[in-house]
Structure formats: C-alpha cells, structure tokens
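User: Please take a close look at the charged side chains in the structure below and at what they pair with. Then place them in their surroundings.

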Amino acid sequence: MGDTRAKKSGLSADIQKKLNAKYSEEQERQCRQWIEAVTGDTLIDQEIGMNHFNKCLKDGTVLCKLINTLNGEALVKKINTSSMAFKQMENISSFLDACKVFGLKDGDCFQTPDLYENQNMSQVTVTLYALSSVAIKKGWDGPSIGVKIASQNKREFTKEQLEEGKKVIGLQMGTNKGASQAGMNFGKTRAIVD
C-alpha cells in the first residue's frame, strides 16, 4: 500500500486480507515471463512478490507497451515517462481504455487504484490473463498465458438428421429406462398415529 494511506481497520482490513490471500505468486511468475517475452524488456524488479510486481507495473509504461505490442499498432498514443503520480495513473487509465478497445470486458479489467495503490494485485493478474486470451482470439501467435477463448462452431444438419433428433427421448423428459425407487427403504418408517 502507499505510504500516505492510513492503515485499514475493521471491515476494510478484513476485505484487504481476503484480497491479498487471493494473490498467486505462480500466476505472477507466468505474467512476468509473458510480459518480458512479448515486450522484449526485462522488468525492473526481478524479486517475486505482490509488492515487487506492483513496483514493476505501477508507472503504467510496461502495460502500455504491452498492449501496443499485442495490437500491432499503438492503442496508447502517448506514454508518460514522468514520475508524477497523476501521469503514472494516466498511463494506467490509458492502458485500461486500450484494453476495452482491444476487446476485454469491464469485469476483466482492474481499476486504477488496484494497481497504483496496490489494493488488488490479484485482479491485475486476472486482467493480464484475460488480455492474453483476447490477443490469442484476435490472432496473436506469440507467447501467451491463460486459456484460449472459444470461437464459434456452427453446425449444419440435414432435414433427416433433425427429424431423427425429434424421435429421441431425453432423460429430462421422464424416462429412466425402467428404473424406479420401488423397494427403496432408508431408515425407519414414519409412524402416523391418530
């Protein structure tokens, strides 16, 4: 967390503990290797850990370069190299806007304070995984992490096949091939006395 923020307490502290517990160093390793492979640059802090990874990405320049490389042309036109806080947050915001243009859903993207204030680094790794998946779907053939997003698999059936399908009775329609619960007895029977 930033040096200027007050220490969290109560519910906020509990929520922060849960967010920190979700963080995976293995996912961080994969994200680091992927970023370095795609951009061709070495991250500034090679130590593994949430705070170290935050230090690598906090200014937003690496992320902007990453999205521009994946897209093939610059989605982020101006990358600020200033060490001023609002310029670094502007880089992160530009990266997030570029992610949405690239094809990520709002739910896949982290919020600027998640990264800049080290609030939710697990969501940052989720965004990087989603970014890789969308890049693969858009034709990226370089290094990747995460899963490939399914593409459309449209099927064509003949009229005969469709008619044969109507004759099949699925199990959801009431048949269970003669099986019943007749004779099933679990535990004692219930005695009803008037």
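Analyst: A salt bridge here is a side-chain nitrogen of Lys or Arg within 4 Å of a carboxyl oxygen of Asp or Glu. Side chains of opposite charge can pair when their charged atoms come close. The model is predicted, and for that reason local features need pLDDT of at least 70 and side-chain atom pairs count only at pLDDT 80 or more, while totals for chains, interfaces and linings use all residues. Residues are numbered from 1 along each chain as its sequence is written, and side-chain values use heavy atoms, with hydrogens and water left out.

The whole structure holds 6 salt bridges. One of them joins Asp41 and Lys65, with 2.5 Å from N to O. Asp41 sits in the loop between helix 2 and helix 3, and Lys65 sits in helix 4, so this pair ties together parts that are 24 residues apart in sequence. Helices are DSSP runs of H or I with at least four residues, strands are E runs with at least two, and both are numbered from the N terminus. Both partners are partly exposed: Asp41 has a relative accessible area of 36%, and Lys65 has 33%. Buried means under 20% relative accessible area, exposed means over 50%, and partly exposed lies in between (1.4 Å probe, protein chains only).

Helix 2 holds another salt bridge, between Arg32 and Glu28, whose closest N and O atoms are 2.7 Å apart. These two residues are 4 positions apart in helix 2, which puts about one helical turn between them. Arg32 is buried at 4% relative accessibility, and Glu28 is buried at 0%. Arg29 also forms a salt bridge, with Glu26, at 3.5 Å between the closest N and O atoms. Here the spacing in helix 2 is 3 residues, again about one helical turn. Arg29 is partly exposed at 35%, as is Glu26 at 44%.

Two lysines sit over aromatic rings (NZ of Lys or CZ of Arg within 6 Å of the ring centre and within 35 degrees of the ring normal). Lys58 lies over the face of Tyr116, 4.7 Å from the ring centre. Lys138 lies over the face of Phe102, at 4.4 Å from the ring centre.

The surroundings of these charges are helical. The protein chain has 8 helices and 0 strands. Of its 194 residues, 31% count as buried. Residues 24 or more positions apart account for 51% of the contacts with a separation of 6 or more, a contact being heavy atoms within 4.5 Å.

Helix 3 (residues 50-57) follows the loop that carries Asp41. Its buried residues are Met50, Phe53, Asn54, Cys56 and Leu57. Seen down the axis of helix 3, they fall within an arc of 160°, so they line one face of the helix; the arc is that of the directions from the helix axis to the C-beta atoms. The face turned away from the buried side of helix 3 carries the exposed residues Asn51 and Lys55. The buried residues of helix 3 pack against helix 1 (11-21), helix 2 (25-39), helix 4 (61-71), helix 6 (112-116) and helix 7 (121-137). The packing partners of helix 3 thus include helix 2, with Arg32 and Glu28, and helix 4, with Lys65.
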